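Please look through the chain and its ligand before reading on, beginning with the overall division of the fold and moving from there to the binding shell and some local details.

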Amino acid sequence: MAENAFRPNGGRHHVVVIGAGFGGLNAVKSLKNADVDVTLIDKKNHHLFQPMLYQVATGLVSSGEIAPSTRQILRDQDNAHFVNGNVTDIDIKAQTVTAALDDTERTFEYDSLIVAAGAGQSYFGNDHFAEFAPGMKTLDDALELRANIIAAFEKAELTDDPAEREKLLTFVIVGAGPTGVELTGQIAEMAKRSFNGQFSNFSPSSAKIYLLDGAPQVLPPFGKRLGRKAQRTLEKLGVDVRLNAMVTNVDEKSVTYKDMKTEQETTIEAGVKIWSAGVAASPLGKMVAEQAGVETDRAGRVPVNEDLTLGEYSNVYVIGDMMGLNRLPGLAQVAMQGGAHAAKLIEAKLDEESTANEKEAFDYFDKGSMAVISRFNAVVKMGKTEMTGFPAWIAWLALHVAYLVGFRSRAIVALNWLINAVSPVRGNLAITDQQRLARNKMGKDA
Ligand SMILES: Cc1cc2nc3c(=O)[nH]c(=O)nc-3n(C[C@H](O)[C@H](O)[C@H](O)COP(=O)(O)OP(=O)(O)OC[C@H]3O[C@@H](n4cnc5c(N)ncnc54)[C@H](O)[C@@H]3O)c2cc1C
């Protein structure tokens, strides 16, 4: 045993799982009946349902509904133990993981390791954009964004200068993937519908909302037809969609992009700038890849073997957004199925009587993709089946509510959506000074 490293009493096989996101949490749950002790480590104390983050950012649901306490989720799983700590070191030769919360640190010894630390925002080498155009990956991001969006309207009410008001009420969203599209649609609905008639000095519907992307269409993974449909729906809501628009600079006051066809540069002065254009795998990926002698790809993803193990290390699995395998996309289902697969192989290796293939290749089952454009309007792609409009919105709602963790969250979110469908009122528009101002003081890793 590594000196001073912790492992549970009783001598059972010890599985350490890093990350309580879709992949890690599903791996832990899949090990519920296995003869193992599981230690799940996450730097956040909650499991975050990222697909609904934009709804927190736009006041549709509260943070608690999409981020239940991980400790509470696992309260009935006797073989699982949760640790709230930031993993700072992994040593795959010594089989140890070190995690810290503030200045308290502990090292854990494992027999099997599942690394599921997900991905963060990528600014494609322009990290300084982050100061002015925050991304949306964490609850802190969504709450800060909500505070910035609402504060823009409040400041517009205060100013007498029409040019200043126009700038304050200009929103630029960079990245027309599902997150960018969903966020754009909701900001437009806030301006046109929810805030209608609530301000004295201006009409909220005068807000200008731009969606920029370097690609030639919105929602590229959904194909041309659905992309065009989504674009038209946004444009009907008053959104200015600019494609082939490669962002070249973001500063305190503006966003500049280059038209990829004409090479012409355009600068848009904007009060609120949001980045949803790229992802980079957790730096823990590089840490384990280097030790295993494999090279991460440009997005920091770790190439894994077909069974999701890492290089020669048959007791180390890398799953979800961190893994690079057969160009699988960064989707919740890829992570969840990867977590279940790793758990299954760990159990198979421990069961001496089992005839199961301990190196079974991961076989991803594609359940499709969905994105909400606006109220009553979504796009869904499931294999060759494509849906748009209201039926797609119902499918989106049913699926997302079903996948939320906990009955309480499901019930409250369903109710919130029902209320929003029939009334412009949003139930979560309170903002605090901490949300609006504290990020820079908290540091980037918050
Ligand atoms: C805004 C947004 C919307 C999305 N919408 C959709 C959608 O509609 N459909 C879909 O299928 N997918 C969607 N995705 C993608 C989906 O959320 C991811 O593919 C999925 O979360 C990946 O799961 P994961 O387990 O790999 O990582 P995550 O779910 O990101 O979990 C990683 C966990 O690791 C923890 N962690 C990270 N670093 C450390 C560390 N050093 N120490 C300890 N813990 C650490 C994090 O706190 C986090 O809890 C969306 C993503 C975002 C950001």
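Domain bounds, as used here, come from an automatic or database domain assignment. On that basis the protein, which is a predicted model, is divided into domain 1, made of residues 2-43 + 85-121 + 280-350, and domain 2, made of residues 127-277 + 375-442. The C-alpha centres of domain 1 and domain 2 lie 33 Å apart.

Where does the ligand lie with respect to domain 1 and domain 2? Both domains give residues to the shell around the ligand, so the ligand lies between them. Of the 34 residues around the ligand, the ones that come nearest are G19, G21, G23, G118 and G320. Two or more residues of the shell are given by each of the elements α1 (22-30), β2 (36-42), β4 (86-91), α7 (178-194) and α10 (332-350). In composition, the shell around the ligand divides into 17 nonpolar, twelve polar and five charged residues.

Turning to local features, helix α9 (residues 283-292) has as its buried residues L284, G285, M287, V288, A289 and A292, and the helix is followed by G293, whose phi is positive, near 75°.

A positive phi also appears at G383, with a value of about 60°, in the turn of the hairpin that β22 and β23 form with two residues between them. Strand β22 (residues 377-382) pairs with strand β23 (residues 385-388) in the antiparallel sense over four bridges, and within this pairing M382 stands opposite T385 in β23.

Technical notes: Residues are numbered from 1 along each chain as its sequence is written. This is a predicted model: local features need pLDDT of at least 70, side-chain atom pairs count only at pLDDT 80 or more; totals for chains, interfaces and linings use all residues. A residue is near a molecule or strand if its C-beta atom, placed from the backbone, lies within 6 Å of it. Ala, Val, Leu, Ile, Met, Phe, Trp, Tyr, Cys and Pro count as nonpolar, Asp, Glu, Lys and Arg as charged, and the others, Gly among them, as polar. Two strands pair if DSSP finds at least two bridges between them. A residue is buried if 20 or more other C-beta atoms lie within 10 Å of its own, exposed if 12 or fewer, and partly exposed in between; C-beta atoms are placed from the backbone.
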